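Trainee: I would like to go through the reasoning behind a few structural labels. Can we take them one at a time?
Mentor: Yes, with the structure in view.

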Amino acid sequence: MFESSVFAKFDTDGYVVVRGLLDVELDIAPVIREYSAVLDRLAGQWLAAGRLTSTYDDLPFCERLLKIVIEAEPAYDQHFDISLPQAGVTDNTPIHNGPAVFNLLRSPRLLDAVEQFVGPEIYSNPVQHTRIKLPEHLLPAPSRTGLTAQVAWHQDLGVVTDDADNTDMLTVWLPITRSTLENGCMAVIPGSHRGDLALHCHSPNPLTINQVCIPESQLTEKSVPLPMDPGDVLFMHRRTQHSGLVNHSDEIRWSFDLRYHPIGQPTGRRWFPGFVARSRSNPPSEQVSPEAWAESWRRVRHELAHSDDVAFNRWKHGDPRCA
Ligand SMILES: O=C(O)CCC(=O)C(=O)O
Ligand SMILES: [Fe+2]
C-alpha cells in the first residue's frame, strides 16, 4: 500500500511520481527485447527495399533505431505504437500489440498501484501509446509526429470524447529509457487538475491548449519538469495540464503512456478496444490472453479500414476560437 502522502500529493498537485515501482527485469527488459525483434524485421525490409546499406544488427535497440531512422527516414512511429492512428486506417496499418507489451499493461506491480487510485475493478483504456523520440535535431521531417517529437501542452481529458467527461481516467506514464530535462521528460502544471478542461486547438500539435485561453509563457512559468528513471511511474489526473519537452539531447527518449479507469465507465474512444485488466469481483472476466488482445486490435483495424473516418475528439477543426 502506498503511504498517504502519495494520494495527498496526487490530490493537491494532480500528479505523483512513484520511484522504482516497476521491476526493470520483469516489466521493462522483455519490452525492449520484443521491440528489438520488431526493429530487426523492419531493418530487413528496409534493407531489401534499398533504403538502408546495413541492418546495423550489432547495435543495441536505441543506437540501432537512431542510425536506421537517420539513414532511411521512415515514418517509423506507427510500426511501434500500440494503438491505431485516428484517421486513414487500412488493413495494412502497422500496430504492435506484442505479448511483452500486454504483460506490461497487466503488470501486477502496476495494477496493484492503479488499484489504489481507481479501485479493484480496473479497465485498460485504449488511449495508449509508446513514444520513441529521437533527438529533435536529428529527426528527419517524414519521421516527425506527436509520438516521435515534443508534445505541446494539453489535458488528457481533452483527447477523449465528451462521453468520458465523468470517467475516472488515470494516466500512467513510464519511461523505458531514462528521461531527463535534456532529452524531453514530461512536464506538468501542479494543481491544474482543479481547473476546468481548457479549449484545445488542432495546432501547433494536434490538440494543444489554446494559446489565447492560457498563453504558453504562463504554462512554461509554472511548469515542473519530471526527470524519471526506468521503473519510476507517473500517475496523472485527467485534467492535469502537461507536455512532453523537446529532446535536445543526442539520445533516444522512450516511454509508454497508458490509461486505466473503473470497469463500465466510457473510454472516450469507443471505436478502440480496451480490456478488463483486473476484476476482484469477477476474475474470469479479466483479459489474460495476449493473442486475444492483439486480435481485438486487428479486428478494429479491419472495421475502421472499411468504414468512413470516425470523429475521435470533441474539438472541431476550424473552431473560430482557435484562429
Ligand atoms: O510522452 C509524452 O511526450 C507525452 C505523453 C502524454 O501526453 C501523456 O502521457 O498523456
Ligand atoms: Fe497527455
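Mentor: Start with handedness. A crossing is left-handed if the near helix is turned anticlockwise from the far one by less than a right angle, and right-handed if clockwise. This model is predicted. In it, the crossing of helix 2 and helix 3 is left-handed.

Trainee: Which residues of helix 2 and helix 3 make the contact?
Mentor: Helix 2 brings Ile32, Tyr35, Ser36, Leu39, Ala43 and Trp46. Helix 3 brings Phe61, Arg64, Leu65, Ile68 and Ala72. By class, that contact has nine nonpolar residues, one polar and one charged.

Trainee: Why are helix 2 and helix 3 called roughly parallel?
Mentor: The axes of helix 2 (residues 24-48) and helix 3 (residues 61-72) cross at roughly 25°. Angles under 35 degrees count as roughly parallel. Helix 2 and helix 3 are therefore roughly parallel to each other. Their axes come within 11 Å.

Trainee: What makes the protein chain as compact as a globular protein of its length?
Mentor: Its radius of gyration is 19 Å, and the globule rule gives 20 Å for 323 residues. The two are close, so the label holds. The C-alpha trace spans about 55 × 50 × 45 Å along its principal axes. The chain has eight helices and twelve strands.

Trainee: Which strands each supply at least two residues of the shell around ligand 1?
Mentor: Strand 4 (170-175), strand 10 (242-244) and strand 11 (253-262). Among the residues around ligand 1 are Thr171, Trp173, His242, Gly244, Ser255 and Asp257.

Trainee: How do the residues of that shell divide?
Mentor: Three are nonpolar, four polar and three charged. Gly counts as polar, and Gly244 is one of the residues around ligand 1.

Terms used:
Residues are numbered from 1 along each chain as its sequence is written. Chains are lettered from A and ligands numbered from 1 in the order in which they are written. This is a predicted model: local features need pLDDT of at least 70, side-chain atom pairs count only at pLDDT 80 or more; totals for chains, interfaces and linings use all residues. A residue is near a molecule or strand if its C-beta atom, placed from the backbone, lies within 6 Å of it. Helices (H or I, at least four residues) and strands (E, at least two) are DSSP runs, numbered from the N terminus. Axes are lines fitted to C-alpha atoms, for helices over the stretch in contact, and angles run from 0 to 180 degrees between N-to-C directions. Angles under 35 degrees count as roughly parallel, over 145 as roughly antiparallel, 65 to 115 as roughly perpendicular and the rest as oblique. Two residues are in contact if their C-beta atoms, placed from the backbone, lie within 7 Å. The radius of gyration is taken over C-alpha atoms; the globule rule is 2.2 Å times the number of residues to the power 0.38.
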